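Visitor: I've got a structure to look at and a pile of questions. Could you walk me through it?

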Amino acid sequence: MALTLYVDTARWRAHHKQVLEQFPGLVPVCKGNGYGFGHERLAEEATRFGTDVLAVGTTYEAARIKDWFSGDLLVLTPFRRGEEPVPLPDRVIRSVSSVDGVHGLVGARVVIEVMSSMKRHGVTEQDLPQLAHAIQDVRLEGFAIHLPLDRTDGTDAVEEVIGWMDRLRAARLPLHTMFVSHLKADELARLQQQFPQTHFRARIGTRLWLGDHEATEYRGAVLDVTRVAKGDRFGYRQQKAPSDGWLVVVAGGTSHGVGLEAPKAVHGVMPRAKGVARAGLATVNRNLAPFVWAGKQRWFAEPPHMQVSILFVPSDAAEPQVGEELVAHLRHTTTQFDRIVDR
């Protein structure tokens with residue numbers, strides 16, 4: 001009995017093909033938990049569609065994935081002096097976001113990140129004169145720019161990249177390759193047309209692996225079902241059942257990421273009102289579970305346990321049976337499955 005990730009493999013791979021066609025030279029990103037699929041699976045998929053570079057989040061991820069992918073590995077987290085050394089092959093390319101970082105990687109293959117409107121990390125325009133001298137001691141694979149997802153001020157992503165291209169060109173820095181993130185296919189095409197001597201390579205993770213929501217589905221197996229009457233006590237905290245119904249034990253708990261949720265940016269009155277309502281219900285121990293039964297998302301009977309969750313299903317719904325599976329609406333990037341099934 002398990003929390004299972006089901007993959008419609010043909011549909012999933014058809015989506016990969018579509019994205020690869022839209023973004024020539026695409027660099028797949030495999031970081032974190034492998035977008036819910038695991039590093040090994042994504043490395044195999046990247047090998048299958050023939051990419052020469054796979055981007056990973058950290059040096060530790062590069063060390064784990066190097067035996068699964070034979071091409072170049074681009075580490076996205078910038079190098080910092082004093083970081084723990086991790087033995088890596090020469091095919092690993094390090095990202096750098098400061099002149100000092102370039103000086104600390106003499107002889108290494110590097111991609112230099114420029115400071116975008118994200119304001120997360122990157123070299124600035126003021127760094128460029130020093131950078132021109134520093135890159136003589138490294139093997140420069142290109143520059144990179146990581147752009148924001150939303151542009152609420154109405155600015156244009158392409159114009160931001162062009163601005164940096166002009167600065168780098170004015171500083172007489174080589175512009176053979178530019179790695180970009182969060183650009184649309186038509187935006188990338190505009191850049192490639194304007195700068196035909198530069199190879200623009202889109203680094204894409206979410207859109208590539210998770211862009212077709214219908215290609216994947218999580219399901220948790222029902223392990224036990226216990227009938228309860230209104231007022232019966234149950235669980236670790238001996239709470240009372242709110243009405244007659246069933247306590248349903250389903251595979252999937254905190255170790256899988258069930259009950260864990262990353263904060264979201266909320267825009268608009270209605271989403272904010274829903275957030276306030278959910279917070280109010282949580283103060284009286286009413287928390288909506290990600291599991292669906294009989295067409296409705298059900299409530300946690302109590303906070304999820306380490307490997308299972310207990311749901312409350314009222315008596316006006318059909319009784320779940322042991323061995324059945326409940327669809328679970330889970331976030332791929334925070335979920336660990338017990339098994340993956342291709343179908």
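Visitor: Is glutamate 141 buried, partly exposed or exposed?
Guide: Sure, and keep in mind that this is a predicted model. Buried means under 20% relative accessible area and exposed means over 50%. Glutamate 141 has a relative accessible area of 22%, so the label that fits is partly exposed.

Visitor: Which residue does glutamate 141 form a salt bridge with?
Guide: Opposite charges are the thing to look for, because side chains of opposite charge can pair when their charged atoms come close. Here the closest N and O atoms are 2.8 Å apart, and the partner of glutamate 141 is arginine 109.

Visitor: How many residues apart in sequence are the parts that this pair, glutamate 141 and arginine 109, ties together?
Guide: Find the two strands. Glutamate 141 sits in strand E7 (residues 139–146), while arginine 109 belongs to strand E6. The salt bridge therefore ties together parts whose separation in sequence is 32 residues.

Visitor: Arginine 109 also forms a salt bridge with aspartate 72, so how far apart are the closest N and O atoms there?
Guide: A salt bridge needs the nitrogen within 4 Å of the carboxyl oxygen. The arginine 109 and aspartate 72 pair links distant parts of the chain, strand E6 (residues 109–114) and strand E4 (residues 72–75). Their closest N and O atoms are apart by 2.9 Å.

Visitor: Does arginine 109 count as buried or exposed?
Guide: The cut-off for buried is under 20% relative accessible area. Arginine 109 comes in at 12% relative accessibility, so it counts as buried.

Visitor: Which helix holds both aspartate 166 and arginine 169?
Guide: These two form a salt bridge, with their closest N and O atoms 2.8 Å apart. They are three residues apart, about one turn of the helix, and that helix is H6 (residues 157–170).

Visitor: How many salt bridges does a search of the whole structure find?
Guide: Some share partners: Arg13, Arg41, Glu45, Arg48 and Asp342 are joined into one network that way. For the whole structure, the search total is 21.

Visitor: What about the nonpolar side: how many residues are in the largest nonpolar core?
Guide: Phe37, Ile112, Leu131, Phe143, Phe200 and Trp209 are the members that touch the most others. H6 supplies the largest share of this core, seven residues. Phenylalanine 143 has contacts beyond its sequence neighbours, including Val111, Leu168 and Phe179. The number of residues in the core is 89.

Note on methods: Residues numbered from 1 in each chain as written. Predicted model: local features only at pLDDT ≥ 70, side-chain atom pairs only at ≥ 80, totals over all residues. Heavy atoms only, no water. Salt bridge = Lys/Arg side-chain N within 4 Å of Asp/Glu carboxyl O. Helix = DSSP H or I, 4+ residues; strand = E, 2+ residues; numbered from the N terminus. Buried < 20%, exposed > 50% of the residue type's maximum accessible area, 1.4 Å probe, protein only. Core = buried A, V, L, I, M, F, W, Y, C linked by side-chain atoms within 4.5 Å. Contact = heavy atoms within 4.5 Å. Lists of a residue's contacts leave out its neighbours within four places in sequence.
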